[in-house]
Amino acid sequence: MQNQLDQLAQEALSSLKETQNSAALTAWNQRYLGKKGALTQMLRSVGELPKEERPAFGRAANEVKIKLEAAYEAQEQVLHRAEMERELTAGGIDVTLPGRPVEPGHLHLTTQTLRQIYAIFAEMGFQIYESPEVETDETNFGLLNIPPHHPARDMWDTFWIDDEVLLRTHTSPGQIRVMREQHPNPIRVILPGKCYRYEQITARSEHHFYQVEGLAVGHHITMTDLIGTLTQFARRYYGPERQIRIRGSYFPFTEPSIEVDIDCILCEGQGCRVCKYSGWLEIAGAGMVHPVVLQNGGYDPDVWSGYAFGPGVERPAMLKHHIDDIRLFYGNDLRFLRQF
Ligand code: FA5
């Protein structure tokens, strides 16, 4: 049996050298290493040997198998190289032809919008501060003056990781983080980032979207500063002709709270379907930082005051570019994305 094995190995190696193309190589592989190949058959017949000879023969046969497989791969390389050379000399491949062009991508509309917003606020002296998307019940709600069982929690229902950890519903928890980090210095930051909400997806609402929180804390900061800053932002982003309207509102973490509207950019305030015939479009919730929130951030509300605001990102972009469905942003349809 051992002799037969040696003979088989010799014969296989010398016939391998004679294979001149890939068809012959495949046939060789089948003849020796394939399911019904000579070596496979020999390995199967190991059971016919006396028990004491089986281990040594099995080992030897496996060594031959490894050797033949390596020789096969080496021959495959030799043939491949020869084939390339043949094609090159026959003029089949023109290596001077330019490659196929790779289509360059571009920034997503959300990223473009974020960068425009950063640029506007940077010119007004705001720094960008990043805060985590995975938050705690305490920072997303509690420290923002929204205790457990407060009805305002319903507006900001989210995805929970466990009883304490959640995906943030707004960028407002970043207010607490910046204040605790910057205390006792004045603050002027924007906090951009992704937010999550457990809510019905519609043409205007996604379960994840971006916001850009703004926060200024200092001495003698007033509502006038807030309105001036947001007016400046609205005119820089939507156009210098925009009119601003301020309405009273409610957020647990600001007091007083406001909603900021611009005159409808589609109908110029005349009234249309998009502005629900009111002539106005809401662009941000805002207000003066609530004394409890200032305190939770480490600032004495008798000495410090501040304002905060929190516009979305997709909805402003929808207004500006006349997009009528927010689901297009993350639907991965290139026909939509390529337009911007
Ligand atoms: C807030 O989230 C407050 N944190 C904003 C705030 C910050 C007020 C600081 C006062 C001071 P609101 O839930 O209204 O508020 O969301 C703010 C903006 O986020 C909305 O105007 C909208 O542009 C965007 N937004 C909210 N929910 C969604 C949603 N499901 N899909 C897309 N955009 C959304």
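Begin by selecting His149, which lies in the loop between α6 and β3; helices (H or I, at least four residues) and strands (E, at least two) are DSSP runs numbered from the N terminus. The phi angle of His149 is near 75°, a positive value in a residue other than glycine, and His149 is exposed, with a relative accessible area of 78%. Here buried means under 20% relative accessible area, exposed means over 50%, and partly exposed is in between, with a 1.4 Å probe and protein chains only. What you are viewing is a predicted model, in which local features need pLDDT of at least 70 and side-chain atom pairs count only at pLDDT 80 or more, while totals for chains, interfaces and linings use all residues. Residues are numbered from 1 along each chain as its sequence is written, and side-chain values use heavy atoms, with hydrogens and water left out.

Now select His150, which lies in the loop between α6 (137-140) and β3 (165-167). His150 is buried, with a relative accessible area of 19%, and, leaving aside neighbours within four places in sequence, His150 is in contact with Asn145, Tyr250 and Pro252, where contact means heavy atoms within 4.5 Å.

Next, colour the chain by domain. The assignment gives domain 1 (2-89) and domain 2 (109-337), with bounds that come from an automatic or database domain assignment, and the C-alpha centres of domain 1 and domain 2 lie 70 Å apart.

In domain 1 (2-89), select helix α4 (residues 54-89), where Gln75 is found. Gln75 is buried, with a relative accessible area of 13%, and touches Leu16, Lys17, Thr19 and Leu25, not counting residues up to four places away in sequence. Ala60 also has its place in helix α4 and is buried, with a relative accessible area of 15%. With the same kind of neighbours left out, up to four places away in sequence, Ala60 touches Gln2 and Leu5; Ala60 and Leu5 are 55 residues apart in sequence and 8.3 Å apart in space, C-alpha to C-alpha.

Move on to the sheet, and show the strands alone. This is an open sheet of 7 strands in the order β1-β4-β5-β9-β8-β7-β6, with mixed pairing. At the edges stand β1 (127-128) and β6 (244-251), each with a single partner strand, so one side of each is left without a neighbour in the sheet. Two strands count as paired if DSSP finds at least two bridges between them. β1 is joined to β4 (residues 187-196) by 2 bridges, and these strands run parallel; Gln127 stands opposite Val189 in β4.

Which residues of β9 are covered on each side? Select β9 (305-309) to see that Ser305, Tyr307 and Phe309 on one side and Gly306 and Ala308 on the other are all buried. In a regular strand the side chains alternate between the two faces of the sheet. β9 runs antiparallel to β5, with 5 bridges joining them, and the bridge partner of Gly218 in β9 is Ser305. β8 and β9 are likewise antiparallel, joined by 3 bridges, and Gly287 has Ala308 as its bridge partner in β9.

Add helix α7 (residues 173-182), which lies across β4, β5 (208-218), β8 (280-289) and β9, running at about 145° to β4; axes are lines fitted to C-alpha atoms, for helices over the stretch in contact, and angles run from 0 to 180 degrees between N-to-C directions. In the loop between α7 and β4 lies Pro184, and a cis peptide bond with omega of about 5° joins His183 and Pro184. A cis peptide bond also joins Glu255 and Pro256, with omega of about -5°, and Pro256 has its place in strand β7 (residues 254-263).

Then select helix α10 (residues 314-321), whose buried residues are Glu314, Pro316, Ala317, Met318 and Leu319. These buried residues pack against α5 (109-123), β5, α8 (223-238) and β8. Just after α10, His322 takes a positive phi of about 60°.

Finish at the ligand. Of the 24 residues around the ligand, His170, Ser172, Arg197, Glu199 and Glu206 come nearest, where a residue is near a molecule if one of its heavy atoms lies within 4 Å of it. A polar side-chain atom of Glu199 lies 2.3 Å from a nitrogen atom of the ligand, and a polar side-chain atom of Trp156 lies 3.1 Å from an oxygen atom of the ligand. At Gly312, a polar backbone atom is 3.3 Å from an oxygen atom of the ligand.

Terms used:
A polar contact is a pair of N or O atoms within 3.5 Å; within protein, one must be able to donate a hydrogen and the other to accept it, and residues adjacent in sequence count only if both atoms are side-chain atoms.
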